[in-house]
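Subject: Structure for your review

Dear colleague,

I am handing over the structure below, together with some notes on what was found in it. Please read the notes with the coordinates open beside you.

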Amino acid sequence: MKGRNSRLLTSVVEAIGNTPTVELSRITSGLEGRIVAKLDYLNPGFSKKDRIARKIIEEAETDGVLSSGQTVVEATSGNTGTGLAIVCAVKGYQFVAVMSKGNSPERAQMMRALGAEVVLVDQAPGSSLGQVSGSDWELVEKATQDIVRERTAFRADQFHLEGATRAHYLNTAREFIEQTSGQIHAFCDFVGTSGTFAGCAAAFKDHDARIRCYLIEPAGAAVLAGKPVTNASHQIQGGGYSMAALDFLKPEYIDGYIQIDDKTAYETTRFLARKEGIFAGFSSGANVAAAIHLLRGPMRGKTVAVVICDSGLKYLSTDLWS
Ligand SMILES: Cc1ncc(COP(=O)(O)O)c(C=O)c1O
C-alpha cells in the first residue's frame with residue numbers, strides 16, 4: 001500500500017482513505033482472540049463517509065452525469081454530507097446537505113464551514129433530538145427529492161449509487177487485508193446504507209470465503225434480522241433506519257445478525273476512549289461491542305475486524321461524554 005504520507009498530495013481529497021488499523025488489545029484483555037480496528041475517524045472529514053463522497057463524485061465525473069457548475073445534493077446524517085462538502089469545496093461544486101434536526105448540530109456547523117448549504121428538516125411528530133427514526137429519515141428523503149428537482153442537481157445518492165459500496169470494496173477491505181496480512185476471520189458492521197458492510201463483506205469473501213460477516217442493528221429496530229420494530233428512536237446515529245430493503249445487501253454476504261442496545265453502545269464507546277485512546281462515535285462503540293460479543297461466542301480465539309466510523313468530536317453536544 002502506498003502510504004498517503006509518502007508523497008506531496010495535490011489536494012486534501014487525496015488524503016482520504018489509507019487509514020491505520022490497530023489491534024484493540026486493552027479492550028480484549030481477558031478475552032481469547034483479537035479485534036482489529038480501522039481508524040476511519042482520521043479521514044479529513046473525521047468519518048469513513050469521506051471515502052464514498054470521493055468515489056461517488058469521481059465516478060459521476062467519469063460517467064458524465066455531473067457537469068461543471070452543477071449543484072450536488074444529498075440527504076445525510078452529517079458524515080456523508082461532510083465528505084461531500086470537502087470533495088465539492090476542492091472540486092468547485094456547490095453542495096446542499098439535507099439533514100434531520102435530530103442529528104447533532106456540530107455536523108451542520110462543520111458542513112457550513114466547508115461552504116455547504118445546509119437544509120435542516122423538522123423531525124416527525126413524537127421524535128426526539130439526538131434520535132433519528134425511520135420516519136424522520138423519510139421526511140429528509142422527501143425534502144431532498146424536492147431540492148434535486150428544483151435545482152436540476154446531481155443527487156450523490158449514498159443509498160443507491162454503486163460508488164457508495166465500491167469505495168469500501170476497493171479500498172477499505174483491501175487495506176484491512178494488507179494491514180493484517182489477510183489474518184481476519186470475521187467482520188461486523190453497524191448498517192445505515194449498508195455500503196460499508198456490503199463492500200467489505202464482498203471483498204473479504206473474495207479474499208477468503210471462510211471470513212464470516214455479521215450485520216449489526218440497534219436492539220428494537222432490527223428489521224433486517226426480521227424482528228419487529230419496538231424502539232425506532234435509538235441513539236446510534238448513522239444507521240438503524242428500519243429499512244427492510246437496502247440495495248447493496250446480498251443474502252450471501254450475511255452470516256449472522258447482532259443487535260446492540262443504546263446502553264451497550266454508550267458504554268463501549270466510552271470504554272474505547274478510556275482504554276484505547278480512541279475518541280469515536282456511537283456506531284463505532286456498537287461495532288466494538290458486537291466484536292466483543294463474537295469473541296465471547298462463535299469467534300472465540302479468532303480475529304474480528306471493525307471500522308471506527310467517526311470521531312467523538314461529532315457528539316460533543318450529546319450526552320455521550322457527559
Ligand atoms: C457514524 C456512522 N456510522 C455508521 C454508518 C453506516 O454506514 P453505512 O452507510 O456504510 O452502512 C454511518 C453512515 O452514514 C455513519 O455516519
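The notes that follow take up a helix, two sets of paired strands and a pocket.

Please keep in mind throughout that this is a predicted model.

I begin with helix α2, which covers residues 79–91. At 1.5 Å a residue, its 13 residues should span 18 Å, and the end C-alpha atoms are indeed 18 Å apart, so the expected and computed values agree. Ten of these 13 residues are buried, which means that α2 is largely enclosed by the rest of the structure. The buried residues are Asn 79, Thr 80, Gly 81, Thr 82, Gly 83, Leu 84, Ala 85, Ile 86, Val 87 and Cys 88, and what covers them includes the helices α1 (49–63) and α3 (105–113) as well as the strands β3 (72–75) and β4 (95–100). After α2 comes Gly 92, which has a positive phi, near 85°.

Two of the strands that help to cover α2, β3 and β4, also belong to an open sheet of four strands, whose order is β5-β4-β3-β6 and whose pairing is parallel. The edges of this sheet are taken by β5 (117–121) and β6 (154–155), and because each has a single partner strand, one side of each is left without a neighbour in the sheet. Between β3 and β4, which run parallel, there are four bridges, and Glu 74 stands opposite Ala 97 in β4.

A further parallel pairing joins β8 (residues 212–218) to β9 over five bridges, with Leu 215 standing opposite Tyr 257 in β9. Strand β9, residues 256–260, has two faces: Gly 256, Ile 258 and Ile 260 form the covered one, whereas Tyr 257 and Gln 259 form the uncovered one.

Ile 260, on the covered face of β9, is also one of the residues that line the second largest pocket, for which the computed volume is about 200 Å³. The rest of that lining consists of Ile 27, Ser 29, Leu 31, Thr 264, Glu 267, Thr 268, Phe 271, Ala 289, Ile 292, His 293 and Arg 296. Helices α7 (262–276) and α8 (282–296) each supply at least two residues of this lining, which by class holds six nonpolar, four polar and two charged residues.

With best regards

How values were computed:
Residues are numbered from 1 along each chain as its sequence is written. This is a predicted model: local features need pLDDT of at least 70, side-chain atom pairs count only at pLDDT 80 or more; totals for chains, interfaces and linings use all residues. Side-chain values use heavy atoms; hydrogens and water are left out. The expected span of a helix is 1.5 Å times one less than its number of residues. Buried means under 20% relative accessible area, exposed over 50%, partly exposed in between (1.4 Å probe, protein chains only). Contact means heavy atoms within 4.5 Å. Two strands pair if DSSP finds at least two bridges between them. On a 1 Å grid over the protein atoms alone, a cavity is a set of points where a 1.4 Å probe fits but cannot get out, and a pocket is an open set with protein on both sides within 12 Å along at least five of seven lines; lining residues have an atom within 4 Å of a point. Grid points are joined across faces, edges and corners, and a volume is the space filled by probe spheres set on the points. Ala, Val, Leu, Ile, Met, Phe, Trp, Tyr, Cys and Pro count as nonpolar, Asp, Glu, Lys and Arg as charged, and the others, Gly among them, as polar.
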